[in-house]
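Student: Pick one part of this model and take me through it closely, please. Then tell me about the unusual spots elsewhere in the chain.

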Amino acid sequence: MRYNKAYFQEALDFIRTKTDMVPEIGLILGSGLGTLVTQLENTITIAYQEIPGFLQTTNPSHKGELIFGFLNGKKVVCMSGRFHSYEGFSFSELVIPVRLLKLLGIQILMTTNAAGAVNESYRPGDVMIIRDHLFFGIESPMRGFNEEDFGSRFYDVSTLYTPELREKAKEVARDFPLTFHEGNYFFMQGPHFETPAEIRAIRILGGDTVGMSTVTETLTAGHCGLKVLSFSVCTNMAAGILEQPLSDEEVNEVGRNISSHLAAYMYELVGQL
């Protein structure tokens, strides 16, 4: 299947029957981090299952809605629920959400994820501005026929996480009661959590947080020429650091505990972009 502009035309036509908004910013929110959605004004919500050719989320903690609205004066479209390779989607299918957001008009993609803290100086509840990522997967989301309408075959990702947006994120962070870091996100396919041996290797390789999302989205955004700003919320210490098992319940609980402060921060940040 080729996910070119023609593939998305039916989805675009359907969405335009619901709203004519051209959003400036696209938001993709991670597990337990959806409080920001409640701050959107004049919203229009479209269920993923209504959108022709769109993916369907299988994660019970992800609602599966595309929400248009205003956030601190900016036009945004929010994906409340994202997609992961562990759900059974191919890496090529995972380009679909960001390409649709690009065609809807966004110029900036902002993402959050729930991640394990690999850096032992980090703590649950800390937020990491992603400077870079490590991805040693066997397949790129850009593998296959290159869709020139979105971007060139070989594209630079040395500044994938846009430096000026990261600087603005750090500037706004000074006024909020959260602990911020800047570091590297390591992608693992999942759905199982990592082994202690893998976490030790990830730390040696330079990873500060680890998770199962974000990278396919940001690589697609880079191919589309979008600016990118991404955050990891440390919802647990990674495997082997503490003598306790990892659980999805812990991830969601920490996400919920931090979500109000993070939503206030994101609200202010969006207004300053």
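Tutor: First, the labels: helices (H or I, at least four residues) and strands (E, at least two) are DSSP runs, numbered from the N terminus. You're looking at a predicted model, in which local features need pLDDT of at least 70 and side-chain atom pairs count only at pLDDT 80 or more, while totals for chains, interfaces and linings use all residues. Residues are numbered from 1 along each chain as its sequence is written, and side-chain values use heavy atoms, with hydrogens and water left out.

Let's take helix H2, residues 96-104. Its axis and that of helix H5 (residues 215-224) come within 8 Å and cross at roughly 40°; axes here are lines fitted to C-alpha atoms, for helices over the stretch in contact, and angles run from 0 to 180 degrees between N-to-C directions. H2 and H5 are therefore oblique to each other, since under 35 degrees counts as roughly parallel, over 145 as roughly antiparallel, 65 to 115 as roughly perpendicular and the rest as oblique. The crossing is right-handed, meaning that the near helix is turned clockwise from the far one by less than a right angle (anticlockwise would be left-handed).

Who does the touching? From H2 it's Val98, Arg99 and Lys102, and from H5 it's Glu217, Thr220, Ala221, His223 and Cys224, with contact meaning heavy atoms within 4.5 Å. That set splits into 3 nonpolar, 2 polar and 3 charged residues (Ala, Val, Leu, Ile, Met, Phe, Trp, Tyr, Cys and Pro count as nonpolar, Asp, Glu, Lys and Arg as charged, and the others, Gly among them, as polar).

H2 is also well wrapped: 7 of its 9 residues are buried, so the helix is largely enclosed by the rest of the structure. Buried means under 20% relative accessible area, exposed over 50%, and partly exposed in between (1.4 Å probe, protein chains only). The buried ones are Ile96, Pro97, Val98, Arg99, Leu100, Leu101 and Leu104. Their cover includes helix H1 (5-16), strands E1 (25-28), E3 (65-71), E4 (74-80) and E5 (108-117), plus H5. Right after H2, Gly105 takes a positive phi of about 125°.

Upstream, in the loop between E4 and H2, sits Ser85. It counts as buried at 7% relative accessibility, and it touches Phe91, Leu94, Phe187 and Gln189, leaving aside residues up to four places away in sequence.

Now for the backbone oddities. Most residues other than glycine have a negative phi, and most peptide bonds are trans. Thr214, in the loop between strand E8 (209-211) and H5, has a positive phi of about 75° though it isn't a glycine, and is buried at 0% relative accessible area. Asn42, another non-glycine, has a positive phi of about 50°; it lies in strand E2 (residues 41-47) and is exposed at 63%. The Gly190 to Pro191 peptide bond is cis, with omega near 10°, and Pro191 is in the loop between E7 and H4.

Finally, UniProt's unreviewed entry puts the feature "binding site" at Glu194 and Asn236; positions follow the numbering used here, feature names are shortened, and annotations may be inferred rather than shown by experiment. They span 43 residues in sequence, yet their C-alpha atoms are no more than 12.3 Å apart, so they gather at one spot. Glu194 is in the loop between strand E7 (180-187) and helix H4 (196-205), buried at 9% relative accessibility. Asn236 belongs to strand E9 (residues 227-237) and is buried at 4%.
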